[in-house]
Amino acid sequence: TKKYRIGRETLVALDGATLHSNRGSFLSLLGPSGCGKSTLLRLIAGLEVPTSGEVTIDERKIVGLDDRCSIVFQEPRLLPWRTILENVELGLRGRKDNGKALQLLSEVGLGEFAACLPRQVSGGMAQRAALSRALISEPQVLLLDEPLAALDALTRLQMQDLLSQLVATTGVTIVLVTHDIDEALYLADRIVVLGERGQGIKRTFELNLPHPRDRKDASVASVRTELYSIFGIHA
């Protein structure tokens, strides 16, 4: 549970949310704006402290910023005076590189742009750099707070493919906040739907499908229909 004091009022951002994620799985959080998705992500990262309850990784409680987690936000948040390579190296947190930053940039298709400044690359390329920066520390848990929301439709699909490959090859546990139902269906092993603000978890859907996936897989059609119904969308 997470509550905030605003003047004399108490705002319940998240109430009694209980969930778990298996190692190496992909969990997606869906829900209306203001329902507590990003709050939950910040609690996992140690950026917020629960009002009650606790968050653990491998049964060890998260207390403050936790180096077992890395987070990617909606904006790349690259330092404009540093090159793409230098921005990725920031994720090492002072540890020796040994060429890992360049390797990661190459894997996400940015090898030839390592010496560029953030203003010299596109939004999608900057977000790939932000993803590389998050991965370079080899986190146990990768937290994604709507990292594709600001991208154009084609770039977003390409980034979804990149994330899908990431799931299949790295074994990192991923928690994604998104408003995009099809994005969640394409990427997640489990979709957790939050209700309106303060209501907590409303529904959970299990997707037992391998990665990378077929976007046209008919086996998710029934789940898509249910999700549309939950959000009042006519399919």
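User: Which helices and strands each supply at least two residues of the lining of the largest pocket?
Analyst: This is a predicted model. The largest pocket has 43 lining residues. Elements that each give at least two of them include the strands β4 (56-57) and β8 (173-177). The helices that do so are α1 (37-45), α3 (100-107), α4 (123-135) and α5 (153-170).

User: Where does the largest share of that lining come from in the largest pocket?
Analyst: The pocket has a volume of about 1100 Å³. Its lining divides into 20 nonpolar, 16 polar and 7 charged residues. The largest share is 5 residues, and the element supplying them is α5.

User: Which residues lie nearest the centre of the largest pocket?
Analyst: Strands β4 and β8 each supply at least two lining residues. Of the 43 residues in the lining, five names stand nearest the centre: Ile57, Gln140, Val141, Thr173 and Val175.

User: How many residues does β6 give to the lining of the second largest pocket?
Analyst: About 390 Å³ of space lies in this pocket. Its 19 lining residues include Cys69, Ser70 and Ile71, which are among those nearest the centre. Both β6 (69-72) and α4 supply at least two residues. The largest share comes from β6, with 4 residues.

User: How many charged residues are in the lining of the second largest pocket?
Analyst: Arg93 is one of the residues nearest the centre of this pocket. By class, the lining has 10 nonpolar and 3 polar residues. The charged count is 6.

User: How far apart in sequence are the parts tied together by aspartate 182 and arginine 224?
Analyst: The two side chains form a salt bridge, with the closest N and O atoms 2.7 Å apart. Aspartate 182 sits in helix α6 (residues 181-187) and arginine 224 in helix α7 (residues 221-230), so the pair links parts separated by 42 residues.

User: Is aspartate 189, the partner of arginine 213, buried or exposed?
Analyst: Arginine 213 and aspartate 189 form a salt bridge at 3.4 Å. Arginine 213 lies in the loop between β10 (201-206) and α7, and aspartate 189 in the loop between α6 and β9 (190-194). Buried means under 20% relative accessible area. Aspartate 189 has 18%, so the label is buried.

User: What is the N to O distance between arginine 77 and glutamate 75?
Analyst: Arginine 77 is partly exposed at 48% relative accessibility. Glutamate 75 is partly exposed too, at 40%. Their side chains meet in a salt bridge, N to O, at 3.2 Å.

User: Which residues do salt bridges that share partners join into one network?
Analyst: The count comes to 13 salt bridges. Some share partners, and the network they form joins Lys2, Arg42 and Glu48.

Conventions: Residues numbered from 1 in each chain as written. Predicted model: local features only at pLDDT ≥ 70, side-chain atom pairs only at ≥ 80, totals over all residues. Heavy atoms only, no water. 1 Å grid on protein atoms, 1.4 Å probe; cavity = no way out; pocket = protein on both sides within 12 Å on 5 of 7 lines; lining within 4 Å. Points joined across faces, edges and corners; volume = space filled by probe spheres on them. Nonpolar A, V, L, I, M, F, W, Y, C, P; charged D, E, K, R; others polar. Salt bridge = Lys/Arg side-chain N within 4 Å of Asp/Glu carboxyl O. Buried < 20%, exposed > 50% of the residue type's maximum accessible area, 1.4 Å probe, protein only.
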